[in-house]
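Me: I have a structure open and would like to talk through the labels attached to it. Could you take me through the reasoning behind them?

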Amino acid sequence: MSDFFFMAVGGLFAGLFGSVLGLGGGVLIIPMLTLVFGIPMREAIAASLVCVIATSSGAASLYVKRHLCDIRLGMTLELATTLGAIAGGIVAGILKPQLLFILFSALLIYTAWIMFKKKDERKDTSNSNGGNKSYKITHLPLGLGASFFAGNVSGLLGVGGGIVKVPVMYLLMRVPLKTAVATSNFMIGVTASAGAFVYFSRGEIHPLVAGFTMLGVFVGATLGSHLFPKIKAEYLKKAFVFILLYLSLEMLFRGLGSHFLF
Amino acid sequence: MTHKKEKVYSYVGTILLIGSFCAAGMLILGLGMLFFHAHPQDSLTSLVCPSFSDIFSNLLRGKPTAIINLGILLMMLTPFLRVVVAVFSFLWEKDFKYAVVAFGVMVILLFTIVPSFV
């Protein structure tokens with residue numbers, strides 16, 4: 001029983017740091033559940049997907065009401081992300097868990113890299129009135145293809161996939177950064193839910209693991225987005241690059257059947 | 001094209017808020033019940049990965065885990081609900097192109113939701 005209490009506390013911190021750093025909780029939740037609590041990889045992915053839905057729904061309801069996100073663009077790209085997530089979820093059921101550990105380790109390195117060179121979204125001066133489309137969306141077919149891939153990553157590894165969606169919208173489709181971040185957040189819930197049902201139908205959602213972690217994450221993320229909406233997290237971000245790299249090594253070693261530090 | 005005071009935004013935002021807070025409330029209720037009458041073997045071994053029909057039969061027997069399961073399911077269904085709401089809101093606004101897009105997303109989601117419920 002105490003394990004579950006600590007899962008909730010861990011989830012709370014994952015949600016808090018996630019919302020302050022602009023990370024989905026997933027990249028922190030899965031290492032926590034697998035490395036610390038020894039939950040099987042697929043159950044950890046399933047629980048993480050549920051957590052991702054919770055954070056996204058909480059945050060998206062704010063973004064949507066403030067008209068920051070572009071619902072039309074989001075819906076269009078969701079056609080691709082949901083298909084991608086279902087495919088990813090099915091593939092995750094076929095692959096060996098060790099391989100999932102190794103793939104997750106690669107995702108952590110990519111996340112650390114993005115975080116290392118990330119531009120502060122508040123410094124972006126381009127127009128960002130989500131509802132008033134004063135920007136022109138380019139490369140829609142390519143964007144759909146990339147969104148399918150983003151959904152794939154989400155369904156396969158149990159993360160939101162914002163780390164793929166935001167660059168796709170911002171760099172490829174020329175959506176203002178703020179709108180891209182808000183729209184990505186909006187899409188993450190639907191994407192993760194498509195993936196989560198694949199795991200649900202395989203019976204991989206453990207109610208207590210998912211329930212306790214999700215509750216923690218939900219509270220943490222809600223607190224984070226209300227308490228620190230404008231925190232300058234530059235140093236925290238740099239510190240997190242190292243944490244992510246460490247987690248990546250630990251996941252890699254676990255995938256290879258050994259341990260790195262603990 | 002300006003979409004200033006669109007209803008879509010406010011409906012979709014509201015459904016997300018209601019769904020996620022109801023789900024969180026059910027979780028707190030279920031986890032609280034479990035905390036206060038925890039039967040060690042009941043709470044840890046009989047829990048693993050139930051199916052949808054199990055959830056309902058357990059709910060009728062008043063099992064805390066069934067409430068937790070239902071809370072998780074409600075959280076998982078919230079994004080689907082908001083897609084359904086978006087379909088109708090786009091229709092209401094006579095924005096048929098995006099009503100079709102949202103309908104497409106709804107159908108894809110149904111393809112993954114329905115098989116896990118039967």
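**Labels and the values behind them**

Reply: Happy to! Let's begin with Ser193(A), which is found in helix 8 of chain A, spanning residues 177–201. Please keep in mind that this is a predicted model.

Me: Thanks! What makes Ser193(A) buried or exposed?

Reply: Ser193(A) has 30 other C-beta atoms within 10 Å. The label "buried" needs 20 or more, so Ser193(A) is buried.

Me: Which residues does Ser193(A) touch, leaving out those up to four places away in sequence?

Reply: From chain A there is Ile53(A), and from chain B there are Met76(B), Pro79(B), Phe80(B) and Leu109(B). As for Ser154(A), its C-alpha is 9.9 Å from that of Ser193(A), with the two positions 39 residues apart in sequence.

Me: Val198(A) also lies in helix 8 of chain A. How do you know whether Val198(A) counts as buried?

Reply: By the same kind of count. Val198(A) has 24 C-beta neighbours inside 10 Å, and the cut-off is 20 or more, so Val198(A) counts as buried. Outside the four-place window, Val198(A) touches Ile86(A), Gly89(A), Ile90(A), Gly155(A) and Thr112(B). Leu35(A) is 163 residues away from Val198(A) along the chain, and their C-alpha atoms are separated by 24 Å.

Me: What about Ala221(A), and why does it get its burial label?

Reply: Ala221(A) lies in helix 9 of chain A, residues 207–227. With 28 C-beta neighbours inside 10 Å, set against a threshold of 20 or more, Ala221(A) counts as buried. Its C-alpha is separated by 7.9 Å from that of Phe17(A), which is 204 residues apart from Ala221(A) along the chain.

Me: How many residues are in the largest nonpolar core, and which have the most contacts inside it?

Reply: That core has 108 residues, and Val50(A), Ala196(A) and Met214(A) have the most contacts inside it. Helix 8 of chain A gives the most to this core, with 15 residues. Ala196(A) touches Ala46(A), Leu49(A), Val50(A), Ile53(A) and Met76(B), again not counting residues up to four places away in sequence.

Me: Let's turn to a helix pair. Why are helix 9 of chain A and helix 4 of chain B called oblique to each other?

Reply: Helix 4 of chain B covers residues 64–92, and it packs against helix 9 of chain A at an angle of about 60 degrees, with the axes 10 Å apart. Roughly parallel requires under 35 degrees, and roughly perpendicular starts at 65. An angle of about 60 degrees fits neither class, and the two helices are therefore oblique to each other. Helix 9 of chain A passes helix 4 of chain B in a left-handed crossing.

Me: Which residues meet there?

Reply: On the side of helix 9 of chain A, they are Pro207(A), Ala210(A), Gly211(A) and Met214(A). On the side of helix 4 of chain B, they are Thr65(B), Ile68(B), Asn69(B), Gly71(B), Ile72(B) and Met75(B). By class, this contact has six nonpolar, four polar and no charged residues.

Me: To finish, how many helices and strands are there in each chain?

Reply: Chain A has 10 helices and zero strands, while chain B has five helices and zero strands. Of the 262 residues of chain A, 59% count as buried; for the 118 residues in chain B, the buried share is 37%.

Definitions and conventions:
Residues numbered from 1 in each chain as written. Chains lettered and ligands numbered in written order. Predicted model: local features only at pLDDT ≥ 70, side-chain atom pairs only at ≥ 80, totals over all residues. Helix = DSSP H or I, 4+ residues; strand = E, 2+ residues; numbered from the N terminus. Buried ≥ 20, exposed ≤ 12 C-beta atoms within 10 Å, placed from the backbone. Contact = placed C-beta atoms within 7 Å. Core = buried A, V, L, I, M, F, W, Y, C linked by C-beta atoms within 7 Å. Axes fitted to C-alpha atoms, helices over the stretch in contact; angles between N-to-C directions. Parallel < 35°, antiparallel > 145°, perpendicular 65-115°, else oblique. Left-handed = near helix turned anticlockwise from the far one by under 90°. Nonpolar A, V, L, I, M, F, W, Y, C, P; charged D, E, K, R; others polar.
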